[in-house]
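Colleague: Got a minute? I'd like to walk through this model with you.

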Number of protein chains: 4
Amino acid sequence: MDLQQIEAKVFGTPVPEVKRVALAYSGGLDSSLCIELLRRVYKVKDKDIVLITIDVGQGKDEVDVSKAKAGKLGMKAILIDLKKEFTENWLTKAIRANSDYEGYPVSTSMTRQLVARAVAQKAVAMGCDAVMEGSTGKGNDQYRMHNTFKIFAPQCKVRAPVRDFDMLRDEERILCEAWGVPVDEQIAGGDDKTLWCRSIASGAIGLDQELPDDIWMWLTVPPKAPDKTEEVTLSFEEGIPVKLNGRKLPLDKLIMDLNGVAGRNGIGYIDMFEDGIMDLKSREIYEAPAAHVILKLHHDLEQWCLTKDELEFKAVVDRKWAYLTYHGMWFHPLKAELDAFVLAASRFTSGTYRVGLYKGNIQILKRESATGLFSPEIRSIKSKGFSQKMAKDAAVIRGLPFEILARRGGIE
Amino acid sequence: MDLQQIEAKVFGTPVPEVKRVALAYSGGLDSSLCIELLRRVYKVKDKDIVLITIDVGQGKDEVDVSKAKAGKLGMKAILIDLKKEFTENWLTKAIRANSDYEGYPVSTSMTRQLVARAVAQKAVAMGCDAVMEGSTGKGNDQYRMHNTFKIFAPQCKVRAPVRDFDMLRDEERILCEAWGVPVDEQIAGGDDKTLWCRSIASGAIGLDQELPDDIWMWLTVPPKAPDKTEEVTLSFEEGIPVKLNGRKLPLDKLIMDLNGVAGRNGIGYIDMFEDGIMDLKSREIYEAPAAHVILKLHHDLEQWCLTKDELEFKAVVDRKWAYLTYHGMWFHPLKAELDAFVLAASRFTSGTYRVGLYKGNIQILKRESATGLFSPEIRSIKSKGFSQKMAKDAAVIRGLPFEILARRGGIE
Amino acid sequence: MDLQQIEAKVFGTPVPEVKRVALAYSGGLDSSLCIELLRRVYKVKDKDIVLITIDVGQGKDEVDVSKAKAGKLGMKAILIDLKKEFTENWLTKAIRANSDYEGYPVSTSMTRQLVARAVAQKAVAMGCDAVMEGSTGKGNDQYRMHNTFKIFAPQCKVRAPVRDFDMLRDEERILCEAWGVPVDEQIAGGDDKTLWCRSIASGAIGLDQELPDDIWMWLTVPPKAPDKTEEVTLSFEEGIPVKLNGRKLPLDKLIMDLNGVAGRNGIGYIDMFEDGIMDLKSREIYEAPAAHVILKLHHDLEQWCLTKDELEFKAVVDRKWAYLTYHGMWFHPLKAELDAFVLAASRFTSGTYRVGLYKGNIQILKRESATGLFSPEIRSIKSKGFSQKMAKDAAVIRGLPFEILARRGGIE
Amino acid sequence: MDLQQIEAKVFGTPVPEVKRVALAYSGGLDSSLCIELLRRVYKVKDKDIVLITIDVGQGKDEVDVSKAKAGKLGMKAILIDLKKEFTENWLTKAIRANSDYEGYPVSTSMTRQLVARAVAQKAVAMGCDAVMEGSTGKGNDQYRMHNTFKIFAPQCKVRAPVRDFDMLRDEERILCEAWGVPVDEQIAGGDDKTLWCRSIASGAIGLDQELPDDIWMWLTVPPKAPDKTEEVTLSFEEGIPVKLNGRKLPLDKLIMDLNGVAGRNGIGYIDMFEDGIMDLKSREIYEAPAAHVILKLHHDLEQWCLTKDELEFKAVVDRKWAYLTYHGMWFHPLKAELDAFVLAASRFTSGTYRVGLYKGNIQILKRESATGLFSPEIRSIKSKGFSQKMAKDAAVIRGLPFEILARRGGIE
């Protein structure tokens with residue numbers, strides 16, 4: 001498609017009338033183009049384009065680039081800092097819930113909804129009648145943002161022009177060039193990163209193609225990682241990591257430091273099939289070094305501090321938690337109810353781990369917990385906790401249903 | 001306790017009258033002592049002691065040692081070869097069900113029940129009025145065997161003398177020595193091994209003690225493993241691995257070969273808390289190199305060939321499957337029903353993987369499957385599978401419940 | 001809207017080009033109008049309009065009316081009799097799965113998919129490039145039929161004109177009148193009936209409005225039902241009712257007879273909120289006398305013949321079964337896997353019940369089963385099945401985890 | 001067995017040494033006999049027998065009888081009134097969780113644990129080294145009380161003499177008579193009643209025997225119930241019934257009043273198989289008129305005020321809640337976590353119902369709620385909530401996975 005065809009498509013698509021629009025502005029290609037679409041297609045005046053940039057920890061660089069690009073377009077975004085909110089109210093919940101959707105520790109699944117809420121609330125506060133964002137129509141983010149917009153700004157129209165005008169990325173580039181929208185290839189796709197997990201564009205990677213080594217930001221692949229074990233200690237309080245190597249750290253700092261240490265030791269590699277919101281599979285490549293260490297140890301600690309029944313049931317809750325979060329249902333009432341369960345189930349999950357990180361391996365070297373339920377003094381064969389003899393009758397009682405089944409027969 | 005005290009304890013415990021006893025005989029310390037207990041305490045004549053040794057793949061060495069020890073005691077065991085039965089009817093089910101109880105791929109959990117069924121059936125066939133086995137009263141095996149005995153020989157009394165006389169291992173040793181029962185320390189504890197997973201006695205290992213390197217049979221710990229990736233291809237048909245490096249192999253051979261390759265590359269290490277049948281935790285160390293490779297690839301293949309709904313539900317089924325198997329409920333009717341589900345869910349799980357094994361890492365290098373559900377031609381942004389525009393209305397429809405929730409309010 | 005406006009709307013909506021169309025023709029208002037829309041809007045010739053009427057047990061009257069109406073429009077439908085298929089392959093599965101979606105025994109949820117498969121298969125066989133059906137865009141049936149069409153005729157376009165042209169029922173009536181499409185008010189809405197359950201149009205009934213007595217076909221409301229208990233016996237074999245009052249009957253006949261008996265005794269009334277496929281709630285009124293009796297007794301029989309573990313897990317399976325069936329996923333692979341489970345779980349569900357039906361009450365008078373697991377000879381306090389004393393140690397063993405929890409503290 | 005044999009059995013059973021014993025004293029046969037067993041067999045002095053009677057709403061009569069009987073034995077029980085605690089902290093949780101174990105609304109399952117906690121806490125406070133209660137060894141209560149004792153008085157020995165001496169009821173009677181223990185047949189078995197549900201001794205009732213009409217306390221069987229509908233209104237606030245017929249009532253009063261009204265209209269009949277803690281089935285007859293009305297309306301209200309996802313998941317939580325409560329795990333940490341979920345899920349469950357009670361039927365006549373999610377203005381065909389046309393694309397998107405499945409084939 002050439003410029004003329006693309007413009008014909010865009011200008012030929014009927015659009016609803018909007019007066020004032022809050023735009024989720026990341027500074028990426030999609031949301032930058034949105035500014036010009038608002039001006040040219042939606043005929044919205046600059047004073048009615050409310051640019052909102054949310055800092056969820058994508059890094060100062062990205063925020064600065066975003067600011068600069070808005071400036072080039074003659075706009076100034078409202079910057080809302082939600083880093084603390086993200087780590088303290090979202091990542092804590094994720095860690096306690098063992099955050100795992102089919103192997104993906106859910107990351108932008110969360111930030112999209114965090115961003116959408118902030119944009120929607122600002123839209124309402126500033127009297128907008130529409131909200132806009134840059135999602136495509138093939139992915140998951142459109143649903144995550146739409147749901148959240150509809151909860152916090154139900155009266156606003158929702159527009160996602162890349163989807164609504166059915167634009168391909170190449171077409172977007174052509175429009176940007178023609179309309180003077182700055183494109184910085186460096187960070188194209190970069191908005192899919194949080195401190196928790198980085199998504200690596202998987203579109204270009206075939207199923208039988210091996211991954212190049214230069215796609216990673218934190219990760220050194222195992223063969224190139226140091227040939228020496230690096231030891232780390234991590235302490236949890238009520239399910240949350242609070243100390244790294246004995247130093248109390250805020251959670252965001254702790255995760256960022258751990259991304260460094262674990263990543264350079266080959267940890268955090270994810271290559272998986274993922275079932276998207278529309279039930280379509282994609283192949284995804286992620287890196288999440290800190291998440292891998294934290295989630296592995298958190299889970300081990302739970303296996304120590306929770307009873308068998310809790311472990312069994314919490315697995316069901318955790319799975320649903322990740323499902324809802326991934327599917328854009330963070331603000332769904334069920335999510336709040338699962339959070340209540342998970343928080344209650346975390347009251348004893350405290351302890352300290354020493355682990356060795358070595359070329360992709362996380363080996364637990366030492367465990368400490370005052371709230372663990374491992375009681376060798378009862379269980380071990382030599383213990384006086386209970387006499388073995390007692391188990392004889394217990395075995396008979398436990399076996400009674402099998403005697404009844406034997407009478408009925410039919411078992412092979 | 002000295003010999004006199006131990007004998008007083010044993011002879012002072014009332015025992016039921018038994019005429020003919022089928023003894024599950026592994027050749028280990030416990031079951032060897034049982035022979036002498038049958039003679040001395042239960043007053044059973046040699047002709048009424050039916051020794052049964054089951055070969056479930058513990059290795060020819062163990063079987064030979066068992067035979068020799070029986071010989072020294074003047075007995076001859078009936079040897080029943082269930083290797084084929086174990087791999088073809090038990091391990092296949094385990095693999096299809098992603099066999100995972102809290103991180104343990106369930107191994108002796110299965111063989112105990114397989115052994116108990118064979119012993120029970122033989123007991124019935126040979127007119128025994130009791131079955132006997134060597135479990136202690138602190139572990140899981142007593143329950144697994146009891147349940148199975150009660151299904152297949154409900155009329156037989158069940159005796160587990162180590163438990164019933166409340167004997168410690170040291171006490172057993174003293175008795176063996178005094179009574180002339182041969183003890184071969186080499187294989188003490190060795191009966192906890194199958195080709196699928198080897199259990200390493202964890203009793204002596206404290207929580208803060210690092211594991212020595214010489215406890216492994218298959219495993220070379222990652223730092224000592226080769227510094228070069230070893231590539232392997234594995235093919236699955238309907239959920240079962242059938243080819244290794246392009247060669248069609250029977251499942252037992254395939255697993256044993258893979259234990260070698262994967263083990264020497266640092267794969268298969270398990271250090272975990274495990275919730276036993278009595279809901280008491282133990283720390284367990286296992287090695288399971290082949291199981292780790294097979295289960296990882298099987299799961300990845302399922303994530304490719306099963307729908308999201310199947311994956312979600314099969315996880316529930318698999319978890320219950322492992323729970324039942326671990327808890328000595330292999331022959332429970334529910335297990336059969338889960339098997340029916342799992343078999344049906346495996347009809348499309350076919351494909352071939354090439355993986356790199358490197359110092360504890362299993363990296364997928366290439367995937368092939370004719371039955372996978374990854375359809376980039378529909379999903380990818382450039383595809384013509386569906387127009388992005390269509391997703392706009394889909395997002396609105398999907399978001400309707402959130403509009404209703406917004407009206408009610410109360411969401412933060 | 002007047003005729004002119006409606007026609008403007010209909011003719012103004014762009015439609016895809018279609019050559020030959022298979023139309024699911026029930027004879028109702030919606031599908032009758034479809035014929036004329038195919039002629040006038042889609043410009044399809046009569047020879048390329050393939051009318052298909054499926055008999056799923058809606059009654060001979062309805063089928064005859066449908067035939068007559070087609071005749072008046074100069075058409076002749078292909079009649080496919082799926083009554084046997086419906087009862088033998090669909091209702092049997094439903095009964096075994098305790099068929100219950102939020103209180104609704106799922107009925108048209110099934111027949112829509114049965115119809116859609118037949119239409120799709122015929123469409124493929126007759127070289128059609130489109131399939132058409134009469135669903136609206138607010139209900140569940142459009143999704144059920146669409147999914148099924150896409151499985152069995154993926155190459156065909158799917159059209160649902162009432163939805164696609166956004167027509168209200170009044171608008172349809174105006175069009176029918178103007179275009180000479182016969183409307184028989186008698187059976188308007190009547191296509192929502194199967195022998196299993198009849199749906200009563202709930203749209204006009206407010207939340208605070210009591211239901212009139214004349215809306216029922218089978219049901220006599222309890223106050224008007226006979227003042228005398230009517231006794232019935234029902235026998236199940238492997239989960240399926242096979243005899244009524246001692247007479248072996250095919251399932252469809254048995255259900256129809258039972259609808260009569262149970263209905264006249266006040267049984268089968270359903271007034272509920274239902275969560276539709278789009279997650280929107282509706283208030284629904286159904287009558288399902290036979291279903292109520294069969295499902296209650298089937299469930300009681302399962303509670304007798306299945307173990308506790310099976311009951312617990314089958315409840316999860318049944319719930320998912322009903323969910324999938326309701327949501328138009330009958331042909332989804334997961335449904336087939338659940339069916340495998342359910343069938344396996346039904347092998348012991350055999351027995352005979354005598355019940356009293358009285359003014360809405362179903363009272364079990366007598367139960368018989370050769371495969372039940374109730375064994376009073378083991379359980380009762382006087383039995384010799386096991387000594388009470390044995391339970392003492394069993395209670396201690398079972399209570400061990402609570403001793404460990406007590407040490408940790410923190411329980412209120 | 002005659003007295004001599006029974007005494008031989010009792011005095012011949014070895015008992016542990018105990019100094020001071022807290023006895024759960026209901027005044028029934030079992031716990032009355034315990035006093036004399038403590039004196040004669042355990043050789044405990046009267047000053048060290050701590051009798052504790054808990055009032056959980058069994059009725060003033062029962063409490064008075066209990067007091068009188070203790071008096072006759074020269075003892076005085078400590079009376080602890082937990083009626084308020086039971087309704088406010090236990091029944092509220094039960095109602096919110098739709099309290100249903102296989103059809104049984106769990107009743108004494110709760111009170112046993114409530115009683116055991118109070119006894120255990122008193123035992124600790126008064127320096128006892130043992131706790132005692134009157135359960136048999138065939139039932140569920142021994143486990144419920146044992147677990148609770150072990151949490152709140154882990155240092156105390158637990159004795160249940162009926163079980164520990166393996167006594168049948170007839171044997172107990174003979175002992176009572178010989179030892180001067182008063183037996184009041186009126187209340188034998190009466191301790192199985194709470195205001196929530198009354199258990200009717202089912203031992204004597206064969207499977208094919210119809211129930212006599214005189215076994216009920218609250219219930220008038222439907223044929224004998226009035227031939228006129230009685231209307232009742234019931235209001236819920238956050239899941240708890242707070243008003244009956246417009247009058248605000250404390251929960252215990254409300255339930256007792258409703259037992260009267262609903263019972264006389266034929267409501268509350270339960271005849272079921274129940275899987276006990278030892279996985280053995282029993283046939284149970286209960287009456288629970290108020291519980292039936294409250295639970296039916298609570299559930300209907302939830303179906304109105306909760307989303308589909310919440311309903312689906314809460315059903316899993318509720319089922320587990322009832323399982324734990326029934327199995328003597330009220331104080332298990334998982335129960336507390338489920339309570340956290342259930343409480344959170346109840347914040348919108350408020351509304352008022354008008355129902356007609358008629359010969360066993362509970363018919364909803366009118367529903368009101370300000371927090372319901374039924375929005376006919378969006379869902380109904382005529383509404384402007386959304387255009388039907390939008391559903392067309394939604395159906396296509398939703399159907400995409402079926403297109404992919406169609407390509408793979410293999411669906412029948």
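Colleague: Start with chains A and B. How many residues of chain B are in contact with chain A?

Modeller: It's a predicted model, to be clear. In it, 69 residues of chain B are in contact with 68 residues of chain A.

Colleague: Which element gives the largest share of chain B's side?

Modeller: Helix α14 of chain B, residues 388-408. It supplies eleven residues of the side that touches chain A.

Colleague: And by class, what is on that side of chain B?

Modeller: There are 27 nonpolar, 17 polar and 25 charged residues.

Colleague: What operation superposes chain B on chain A?

Modeller: A rotation of 180 degrees, with 0.0 Å of shift along its axis. The RMSD is 0.0 Å. The surfaces match as well: 99% of the interface residues of chain B are also interface residues in chain A, so the copies meet through the same surface.

Colleague: Now chains D and B. What turn lays chain D on chain B?

Modeller: A turn of 180 degrees, with a shift of 0.0 Å along the axis. The RMSD here is 0.1 Å. The two copies are thus related as by a two-fold rotation axis.

Colleague: Which C-alpha of chain D is nearest that axis?

Modeller: That of A394(D), 2.0 Å from the axis.

Colleague: How many residues are in contact between D and B?

Modeller: 17 residues of chain D are in contact with 17 of chain B. Helix α14 of chain D, residues 388-408, gives the largest share of chain D's side, with ten residues. By class, that side has eleven nonpolar, four polar and two charged residues.

Colleague: Why say these copies meet through the same surface?

Modeller: Because 94% of the interface residues of chain D are also interface residues in chain B.

Colleague: Change of topic. What does β7 of chain D pair with?

Modeller: Two strands. Seven bridges join β7(D), residues 230-237, to β12(D), residues 351-358, and these two run antiparallel. β7(D) also pairs with β8(D), residues 240-244, over four bridges in the antiparallel sense.

Colleague: Give me the bridge partners of V232(D) and F236(D). Which are they?

Modeller: V232(D) has V355(D) as its partner in β12(D). F236(D) has P241(D) as its partner in β8(D).

Colleague: How many residues lie between the strands in the β7(D) and β8(D) hairpin?

Modeller: Two. In that hairpin E238(D) takes a positive phi, near 45 degrees.

Colleague: On to α9 of chain D. How far does the helix reach?

Modeller: α9(D) covers residues 251-264, 14 in number. From first C-alpha to last it reaches 20 Å, close to the 20 Å expected at 1.5 Å a residue.

Colleague: Which of its residues are buried?

Modeller: L254(D), I255(D), L258(D), N259(D), A262(D) and G263(D).

Colleague: Why would buried positions on a helix come in that sort of spacing?

Modeller: An α-helix has 3.6 residues a turn, so residues three or four places apart point the same way.

Colleague: What do the buried residues of α9(D) pack against?

Modeller: β8, α10 (289-305) and β12 of chain D. So β8(D) and β12(D), which each pair with β7(D), turn up again as packing partners of the helix.

Colleague: What follows α9(D)?

Modeller: G266(D), with a positive phi near 85 degrees.

Colleague: Quick check on E368(C). Where is it found?

Modeller: In strand β13 of chain C, residues 361-368.

Colleague: Why does E368(C) count as partly exposed?

Modeller: Because it has 14 C-beta neighbours inside 10 Å. A buried residue would need 20 or more, and an exposed one 12 or fewer.

Colleague: What is E368(C) in contact with, beyond its neighbours within four places in sequence?

Modeller: G351(C) and T352(C). T352(C) is 16 residues from E368(C) in sequence and 5.1 Å from it in space, C-alpha to C-alpha.

Colleague: Last one, the overall build. How is chain A divided?

Modeller: Into domain 1 (3-192), domain 2 (198-368) and domain 3 (376-408). The C-alpha centres of domains 1 and 3 lie 61 Å apart. Chain A has 14 helices and 13 strands. Its C-alpha trace spans about 85 × 55 × 45 Å along the principal axes.

Colleague: How much of chain A is buried?

Modeller: Buried residues make up 55% of its 412.

Key
Residues numbered from 1 in each chain as written. Chains lettered and ligands numbered in written order. Predicted model: local features only at pLDDT ≥ 70, side-chain atom pairs only at ≥ 80, totals over all residues. Least-squares fit on C-alpha atoms with pLDDT ≥ 70 in both. Contact = placed C-beta atoms within 7 Å. Nonpolar A, V, L, I, M, F, W, Y, C, P; charged D, E, K, R; others polar. Pairing = 2+ DSSP bridges. Expected span 1.5 Å × (residues − 1). Domains from an automatic or database assignment.
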